[in-house]
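Q: I should like to learn how the features of a structure are read. May we take them one at a time?

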Amino acid sequence: MPKRRMPNSDNAVVVDGVRKTFGSVVALADISFKVGRGEVLGLLGPNGAGKTTTVDILSTLTRPDRGHAEVAGHDVASDPAGVRRSIMLTGQQVAVDDMLTGRENLVMFGRLQGLKKSQARSRAKDLLDHFDLVDAADRSVGTYSGGMRRRIDIACGLVVRPEVVFLDEPTTGLDPRSRQSIWELVSDFKEAGIATLLTTQYLEEADALSDRIIVIDHGTIIAEGTADELKERTGATYCEIVPRDMKDLPAMAEALGSLLPEQNRAALTAGSDRIAMPAADGPNTLAEALYLLNAASIELVDIALRRPSLDDVFLALTSRENGDTSAMRVEPEESEGPSGRHRLERNGDTPVTRVEVGEPGDASGRHRLERNGDTSATRVEVGEPGDASGRHRLERTADTSATRSDAEVLP
Amino acid sequence: MTDIAAVRPATSTVQQWWVLTVRVIKPTLRNGEFGTQVAAPIMFTVNFYLPLKQFMGAFTQGTSSYAQYLMPLIALVAISFAAISAALRSATDSVQGIDRRFKASPIAPLTPLAARMSASMYRCCIALVVSLACGYVIGFRFYGHVAHTVGFLLLVLLIGAVLALLGDLIGAANKNPEATTPLLLPPIFVLGLLSAGLEPVERFPSWIRGFVRNQPVSQYVYALRALAGDSTPAAGAVSWSVISPPLIWLTAGAVIVLPLHVLVSTRRR
């Protein structure tokens, strides 16, 4: 096959003004983005946001109603064959032949991609090695566990080198080890200069793997940027102060003086259990606040600089309480107040997704994310007191729940 | 990561067709399906021939034996079961999402269908060979010209091909392997039993004779019986009026089913 020149060598994927409707349902309203070569783009959004439709259009399974999309320099509408030669697609569902063994699947996909029998065999052996499937190589895939199925599924897509990889929720329902190996794989793609479009509902996954994140909801891109930029967008760093005795709150507000903006002062109510205020100077603001409060002899349980977590970003951006997307920014302190309760409920093809944030009176400022999908309950808790980033905790609990769901996938 | 082949080799449609055909056939050799493919025609032979030979055999309009009379229906029922396997397979493929994967791969849209059809023809051949062997055991023989014998074999395979196409389409469309067999069994039994395959049309109540005589299974049976021939003239002569109705039925079936297949295989929403 003659090697095709890519017209725009910087971009592996170009999506420009793509719209797609299914009947009266607008799956994609008007989407535009680019993925550079070797870049990992995270497509983050709740169920039904349009993530899979985007992947389907880019992998030529669905035609866009309007707009233009290019993958590895091939137009999805006019040159679907060129696109198919350049991509690897891993759907939400594992798509291999259950009646064949892992090795037979790999050899089959290698042969389908044009490898000679001997090449396909040796490639299969390498991939089985790499994906830690040697022991299960000659068992039929129908007997594999969820994690093994996902690994063989991805391995089958790597029998030849893809230019662009689409991973559609690749780690949903995987155990920590399988998840880790897929995460490592994404780094490998990056090193090899392969562009990756990763869709995920896991915030920490998008945060850890993606160079850039696009948050998508209702078929519209509602935010785009690096994880840091997104966090910045939801609200800058803020200082959170929790007194030993809640009765000290008015005295604290008094003592902080001009450090506490009028807006935050007004947000304080009888039910408040802490003061949150912008920390424009970062640590200096914190030091100054500490000095002022010490001078006023107010005893504290906690004083910390906090950055909004990606959870905050996601929930703020996709919250359904505010109907229009422009009003979706939520200042961090709002989620601490009595009315700061955000619920996100959705009925998709997977059952209910339910998210509750910042319950009133929850002194630890805990964020809960509960999810009942086909992969059973996932529960994520973030932002424990004293944990400035809340990240470690998030990953740990997410992994635990993943283990549980994987066990249920076992036949 | 292990080094990924830097250059993509060119793909070959013939290689892909063969790989996908082997993919369907290979598991049947070890999951017991091959055994059921062989067992089914034997079972039909025993189930039809033993109980019916004594009291139906008397009404077979002068054919030399009931085996000679029954052979076409045994072959047809065996072939129909091969078509059910085709439906089951295509339903499994679409429900497992492997169809989707093939559609996003550099594989021509109709190659997977062609491969499934080849595998179906392999099943049909097994069904035909085993049912002829069974027929031979109960006393069936080819009496006609070699060309007629070849015609018999080809007609059975052609019927199998159209049925497999239909089954494959139904499987791909309903995406429900569990529901496929219950969906396809009743028509096979109704058309098989209400046909001239087991007993002459004259033995049916007069109000239903029109249906029994003209429905496709009876038309196939008449043609196959004539092609197989007999030691007596009772099998009927091979003539255009006997051969053309089955061919018209089959052509009509293919003309309806094939475009729908093309639609399903090339469809991009």
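**Reading the features in turn**

A: Let us begin with a pair of helices in this predicted model. In chain B, helix α2 (residues 33-56) packs with helix α5 (residues 111-138) at an angle of about 35°, and their axes are 8 Å apart.

Q: In which hand does α2(B) pass α5(B)?

A: The crossing of α2(B) past α5(B) is right-handed.

Q: Which residues of the two helices make the contact?

A: From α2(B) come B:Gln37, B:Val38, B:Pro41, B:Ile42, B:Thr45 and B:Tyr49. From α5(B) come B:Arg123, B:Ile126, B:Ala127, B:Val130, B:Ser131, B:Cys134 and B:Ile138. By kind, the residues of this contact are 9 nonpolar, 3 polar and 1 charged.

Q: How is a nonpolar core to be read, and which residues have the most contacts inside the largest one?

A: In soluble globular proteins, nonpolar side chains tend to be buried together. Here the largest nonpolar core has 89 residues, and those with the most contacts inside it are A:Val13, A:Leu58, A:Leu106, A:Ile152, A:Val164, A:Phe166 and A:Leu197.

Q: Where does this core lie with respect to the domains of chain A?

A: The core lies between domain 1 (11-232) and domain 3 (310-409) of chain A, because both give residues to it. Another core, of 60 residues, lies apart from it and includes B:Leu73, B:Ala78, B:Ala87 and B:Ala226.

Q: Beyond its neighbours within four places in sequence, with which residues is A:Val13 in contact?

A: A:Val13 is in contact with A:Lys34, A:Val35, A:Leu58, A:Val71, A:Val164, A:Ala195 and A:Leu197.

Q: How many residues of helix α1 of chain A are buried?

A: In helix α1 (residues 51-58) of chain A, 8 of the 8 residues are buried, so the helix is largely enclosed by the rest of the structure. Among these buried residues are A:Lys51, A:Asp56 and A:Leu58. After α1(A) comes A:Thr60, which has a positive phi, near 65°.

Q: What may be said of chain A as a whole?

A: Chain A has 13 helices and 17 strands. Of its 411 residues, 48% are buried. Among contacts in chain A with a separation of 6 or more, 66% join residues 24 or more positions apart.

Q: How many residues does each chain bring to the contact of the two chains?

A: The size of an interface is often given as the accessible area lost when the parts come together. Counted by residues, the contact takes 35 from chain A and 29 from chain B. On the side of chain B that touches chain A, α1 (13-28) and α4 (98-103) each supply at least two residues. The largest share, 6 residues, comes from α1(B). That side of chain B divides into 12 nonpolar, 9 polar and 8 charged residues.

Note on methods
Residues numbered from 1 in each chain as written. Chains lettered and ligands numbered in written order. Predicted model: local features only at pLDDT ≥ 70, side-chain atom pairs only at ≥ 80, totals over all residues. Core = buried A, V, L, I, M, F, W, Y, C linked by C-beta atoms within 7 Å. Buried ≥ 20, exposed ≤ 12 C-beta atoms within 10 Å, placed from the backbone. Domains from an automatic or database assignment. Contact = placed C-beta atoms within 7 Å. Helix = DSSP H or I, 4+ residues; strand = E, 2+ residues; numbered from the N terminus. Nonpolar A, V, L, I, M, F, W, Y, C, P; charged D, E, K, R; others polar. Axes fitted to C-alpha atoms, helices over the stretch in contact; angles between N-to-C directions. Left-handed = near helix turned anticlockwise from the far one by under 90°.
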